[in-house]
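Hi,

Here is the structure I promised to pass on. Have a look at it first, and then read my notes below.

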Amino acid sequence: SLSKLQLKTGDLDPRLFSRLRHLQKLDLSDNLLDKFPNSLTLPDLRVLNCNNNKLEDVTALKQFPLLEELTYENNAYLTLNDDYKVIFLLQNLRLLNGKDITKLAKHVRHVNTRKLTSKVTAHWEKFFRDQLPEKYTAEQVKSIKKKFLKSVQTNVVYGPSSLSEFTRWRVKMIAEEFLAYSLGLELNSDTEPEEKTDENEEESTESPREAAEDVAQVGDFSSYISNVTVTPSKRKKNHSKSSPGNKRSKTQTNTKEETEEDVSAEPLHFLQCHSKGNSREDFKTQLWSCVFEPVLDSGARKDPIVNSSRTVATCGGESVCLIDCETGTVLKKYKVATEEFFSVAWTTLTMVTSDSRKKAHNILAAAGRRGIVKLIHVAADFCYGEIKAHKKPIATVCFSPTQETHLFTASYDKRIALWDIGIPDCDYNFKASQLLVLETASIPLRIALVPTCPEQYLLAGCEGGCFAWNIKLDKGQKSRPFEAIFQFPDEESMTTAHRVDGLAFLNDDVVVSKSSKPGCIYLWSWSRSFDAKGKGCQQTMSAVILAELEWSTTDMSYLTLSTCPAKEYVFCGDEKGSVWMYNLSSYTTAWSSAKGKRSERRISPTQILKWPELRVNGEQPSEILVNNVVADPAFTYLVVLTSVNITAIWKKS
């Protein structure tokens, strides 16, 4: 018995345990174990008790093949999916958490395996067998294996949605065995390291607990659009002949910019996961905001590329979804029946567990029409609290990059509030407080903290112009008017009065803003435009324009833009479902020099990604507006949110 010893995973020394050749019963209950080391050996272990630990994964238990009795109650992160995994992995298991599982085990080990094997085989026969030539190279096999494993995990569905994670796990295993048998491949022989880590990420996602009425059950609907066919749109210019059956959509490239890299992108998934009442007929719900989840334990907030993940949070209508961009799987879904969500934002909080350990967790804030911010602890599937922030809708939210508990909320009540959301304790008690209120002259639509001084200045694009505030907390004054309003070139002269519905920083100094009136995107210098020495507040300052980006001539509002600073890209969708992409890496050096002059001509897009011919039940959706488009920090995936309840995920190939 090693119970109640405050043991952590690192305390289980394989060199010691592997000498216990005849140990049959082991009690590790009431400790701090978050996983099992893989090589404890214990070849004769029959009974194992791991109650009241912090276990997040059970697959390492397969190293105890003779195990007959297993208990792991009160491990908050383990779910029904984990029960099914151990039942499958441990063929001699009879009792799990005190219950006889003999009958269930037959189903899991035999019936379930038989059904999934026939589905996996059928998927190969129908979609992949003909793609492999009679004489194939190792490279071709590797490529088809990767595509097949991805496709089969996404499309083979069986059993209740609460077991979808177990099903994906088994499907992958069966598919690998099938390929090894039919193509003579070694199992896992070419799994790339990045895929392994992704798989681990996926294994540790939990299916939702019924912890709060706001937390929706995952997978109780088909997230994929039914009967969809994708045909790449015809392009004026075709750079290479693609093989038949290749769905890559060639992108239109400007001849003037031929020196730029050709970012060919492939449409991976089209998801319809925000439907009202999970209706397949809903092509009206507007999707508004998406943000990639920060990766934990990667020197958070330092290197954006290392910090890149493939999990994205999206919001629209009554729900917030968490999507794995690679597989297209909707990992989690949160629903509030009376809400319409407009904005989501991530932060990483270091929470203290009941045993006084510190652990970093990602927290998602979601807000919208009701003026309430929902705080969701994603790994625990728990909406643990809410902040009644405003009496009118919240247009956008964002966290401070330096103060992880500081959240800005911009509302239709013409105020931007700064909140300290606090850190929840082990029982999820937390205290939120309002630190600051910024008065805006019109409704704020987009907000951005100035990268060089995120605790001092905030910039906002509003219905009536572009404004800046001093947000330094040592100033005493809690309610503040704006410090500056920026004026931009108009047809005749300079103007401050225009709707700014797109705003982001491209780097530490270059601001990208879009006003809906002239249908063009300005790049301007923060440091040269904002005069910090200016006396008093509410001053008018001229934006020092560095360049103009050529964009759609539409006067449609609220089609917002985004940036990928690490790759120096700007993205903006249009009223026809297309995404305009601008690679500005060849301009930024000149702009940063003291004498950086304005680029004389408008900069054309490096590429325009056209919306593919997407048929839903045989028909093409009518007008498709791209409300938002966001790339992950490493620019591997591009997530496109539309006005017709379709989330499109593109992958840079």
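Before I get to the helices, one term: when I say that two residues meet or touch, I mean that they have heavy atoms within 4.5 Å of each other. Please also keep in mind that this is a predicted model.

**The overall picture**

The protein chain has 8 helices and 39 strands. Of its 653 residues, 55% are buried. If you take the contacts with a separation of 6 or more, 57% of them join residues that are 24 or more positions apart.

**Helices α3, α4 and α5**

Let's begin with α4 and α5. Helix α4 covers residues 138–155 and helix α5 covers residues 164–183; their axes come within 9 Å and cross at roughly 150°. Angles over 145 degrees count as roughly antiparallel, so that is the label for α4 and α5. The crossing in which α4 passes α5 is right-handed.

Which residues of α4 meet α5? They are Val-141, Lys-145, Phe-148, Leu-149, Val-152 and Gln-153. On the α5 side, the partners are Arg-168, Val-171, Lys-172, Ala-175, Glu-176, Phe-178, Leu-179 and Leu-183. Sorted by type, the residues of this contact between α4 and α5 are 9 nonpolar, 1 polar and 4 charged.

Helix α4 also packs against α3, which spans residues 102–128; here the angle is about 125° and the axes are 11 Å apart. That makes α3 and α4 oblique to each other, and their crossing is right-handed. From α3, the contact uses Val-120, His-123, Trp-124 and Phe-128, while α4 brings in Ile-144, Lys-147, Phe-148, Ser-151, Val-152 and Asn-155. The residues of the α3 and α4 contact come out as 6 nonpolar, 3 polar and 1 charged.

Phe-148 and Val-152 are worth finding on your screen: these residues of α4 take part in the contact with α5, and they are also listed in the contact with α3.

**The loop between β8 and β9**

Next, go to the loop between β8 (265–271) and β9 (287–292), where you will find Asn-278. Its phi is near 60°, a positive value in a residue other than glycine. Asn-278 has a relative accessible area of 23%, so it counts as partly exposed.

Gln-286 lies in the loop between β8 and β9 too. What is the relative accessibility of Gln-286? The value is 27%, so Gln-286 is partly exposed. Leaving out residues up to four places away in sequence, Gln-286 touches Gly-316, Gly-317, Asn-627, Thr-642 and Ser-643. Take Ser-643: Gln-286 and Ser-643 are 357 residues apart in sequence, yet 4.4 Å apart in space, C-alpha to C-alpha.

**Strands β18, β19 and β20**

Further along the chain, strand β18 (residues 406–411) runs antiparallel to β19, and 6 bridges join them. One pair to look up is Ala-410, whose bridge partner in β19 is Ile-416. The hairpin of β18 and β19 has 3 residues between the strands, and in it Lys-414 takes a positive phi near 65°.

Strand β19 pairs with β20 as well, again in the antiparallel sense and over 6 bridges. Here Ala-417 has Val-437 in β20 as its bridge partner. The loop between β19 (415–420) and β20 (433–439) holds Tyr-428, which has a positive phi of about 65° although it is not a glycine.

**A sheet of four strands**

My last stop is an open sheet of 4 strands, in the order β27-β28-β29-β31, with antiparallel pairing. Which strands stand at the edges? They are β27 (500–505) and β31 (544–549); each has a single partner strand, so one side of each is left without a neighbour in the sheet. On average, and ignoring direction, neighbouring strands of this sheet are turned by 25° against each other.

Within this sheet, strand β28 (residues 510–515) and strand β29 (residues 520–525) pair over 6 bridges in the antiparallel sense. If you want a pair to start from, Val-511 has Trp-524 in β29 as its bridge partner. As you step along a strand, remember that in a regular strand the side chains alternate between the two faces of the sheet.

Over to you, and happy browsing!

Technical notes:
Residues are numbered from 1 along each chain as its sequence is written. This is a predicted model: local features need pLDDT of at least 70, side-chain atom pairs count only at pLDDT 80 or more; totals for chains, interfaces and linings use all residues. Side-chain values use heavy atoms; hydrogens and water are left out. Axes are lines fitted to C-alpha atoms, for helices over the stretch in contact, and angles run from 0 to 180 degrees between N-to-C directions. Helices (H or I, at least four residues) and strands (E, at least two) are DSSP runs, numbered from the N terminus. Angles under 35 degrees count as roughly parallel, over 145 as roughly antiparallel, 65 to 115 as roughly perpendicular and the rest as oblique. A crossing is left-handed if the near helix is turned anticlockwise from the far one by less than a right angle, and right-handed if clockwise. Ala, Val, Leu, Ile, Met, Phe, Trp, Tyr, Cys and Pro count as nonpolar, Asp, Glu, Lys and Arg as charged, and the others, Gly among them, as polar. Buried means under 20% relative accessible area, exposed over 50%, partly exposed in between (1.4 Å probe, protein chains only). Two strands pair if DSSP finds at least two bridges between them.
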